[in-house]
Amino acid sequence: MTTRRRKSKAALRKLIRQLSRAADERRAQGRYDVAEPLYLRALSLAELFCGGEDVAAVCNNLAVLYKYTGRFDEAERLYLRALLLLAQSLGPEHPEIATLYHNLGGLEHARGRFAAGEPLARRSVEIRERTLGPHHPDVAADIAALAAILDGQGKRDEAESLYLRALAIFEREYGPEHYEIAVNLNNLAALKYAQGRYDEAEGLYRRALAIKEKLLTAEHPDVAMTLNNLAVLCKAQGRYAEAAALYERALMIFESSFGTEHPKVISCRNNYASLMRKMEWRTNED
């Protein structure tokens with residue numbers, strides 16, 4: 001390769017990284033409709049001029065976006081394409097391979113196919129612990145993802161132990177107000193809610209909500225997810241008016257971010273409708 005061609009390829013890679021970073025920022029802000037065309041442009045350039053690891057990186061990031069927006073089949077195809085490309089270039093035990101297994105497991109979790117996600121999540125933990133050691137924050141992220149999948153199968157003792165281990169690593173590495181901590185507090189709260197430990201669950205949900213509102217914005221879909229979960233808890237405790245206000249706020253955010261037909265929107269809308277029916281029934285009874 002000539003010097004001129006090397007410089008040209010380096011410039012293209014720089015542009016691809018810039019487009020991907022800009023898309024990542026929009027995705028983090030919940031601006032998914034703006035992020036997608038940036039990713040698609042980056043992917044097109046990577047396919048035309050670079051290939052290999054450059055294509056895999058953009059495929060992975062775009063797949064994350066599609067998972068968030070409920071386009072699960074498209075996300076799976078991109079994750080598997082990235083996994084194949086990275087396995088060919090980096091080998092089967094590289095930490096980036098663990099990232100793809102982590103993400104594929106997370107996709108199965110989003111689909112509600114928890115048993116299918118478990119071996120993928122365990123594979124990511126195995127690779128990352130072997131390459132990075134047991135106390136690395138990337139290992140904590142893998143452990144937390146596995147915990148969520150186990151929780152979905154009702155394996156709550158192991159899941160709780162893993163959540164607590166992940167939280168300890170994150171708090172040591174990042175301090176008390178990091179996004180990963182908020183995510184895991186939310187998930188641990190959901191586990192405790194399922195066990196009927198409502199007071200513990202509420203404290204965790206409210207701490208998660210405060211961190212998310214501080215780090216993201218009050219209108220971010222991740223904030224809405226915790227609002228929805230907190231509403232479920234309030235309803236279970238008979239605090240219907242509080243639950244209704246939380247559902248209303250969550251639904252407004254979800255619809256603004258995803259439109260009207262996303263699975264999260266439908267689930268939140270159904271939860272809210274169920275609460276309204278219950279409140280109407282109680283009013284008529286009185």
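C59 is buried, with a relative accessible area of 0%. In this predicted model, the sulfur of C59 lies 13 Å from the closest cysteine sulfur, which belongs to C50. The structure holds 0 disulfides. Aromatic rings, by contrast, do pair, and the count of such pairs comes to 6.

**Cysteines**

- C50 takes part in no disulfide, and its nearest cysteine sulfur is that of C59, 13 Å away.
- C50 is buried, and its relative accessible area is 17%.
- Why is C59 without a bond to C50? The two sulfur atoms are 13 Å apart, which is too far for a bond, because a disulfide requires cysteine sulfur atoms within 2.5 Å.
- Burial is found at both positions: C59 has a relative accessible area of 0%, and C50 has one of 17%.

**Aromatic pairs**

- There are 6 aromatic pairs in the structure.
- One of them joins Y247 and Y272, whose rings are 6.3 Å apart from centre to centre.
- The planes of Y247 and Y272 meet at 50°, so the pair counts as tilted.
- This pair links distant parts of the chain, as Y247 and Y272 are 25 residues apart.
- Y247 sits in helix 12, which covers residues 240–258, while Y272 sits in helix 13, which covers residues 263–285.
- Are Y247 and Y272 buried or exposed? Both residues are buried.

**Aromatic cluster**

- Which residues do ring pairs link into a cluster? The cluster consists of Y32, Y68, F254 and F258.

Definitions and conventions: Residues are numbered from 1 along each chain as its sequence is written. This is a predicted model: local features need pLDDT of at least 70, side-chain atom pairs count only at pLDDT 80 or more; totals for chains, interfaces and linings use all residues. Side-chain values use heavy atoms; hydrogens and water are left out. Rings of Phe, Tyr and Trp (its six-membered ring) pair if their centres lie within 6.5 Å; planes under 30 degrees apart count as stacked, over 60 as edge-to-face and the rest as tilted. Helices (H or I, at least four residues) and strands (E, at least two) are DSSP runs, numbered from the N terminus. Buried means under 20% relative accessible area, exposed over 50%, partly exposed in between (1.4 Å probe, protein chains only).
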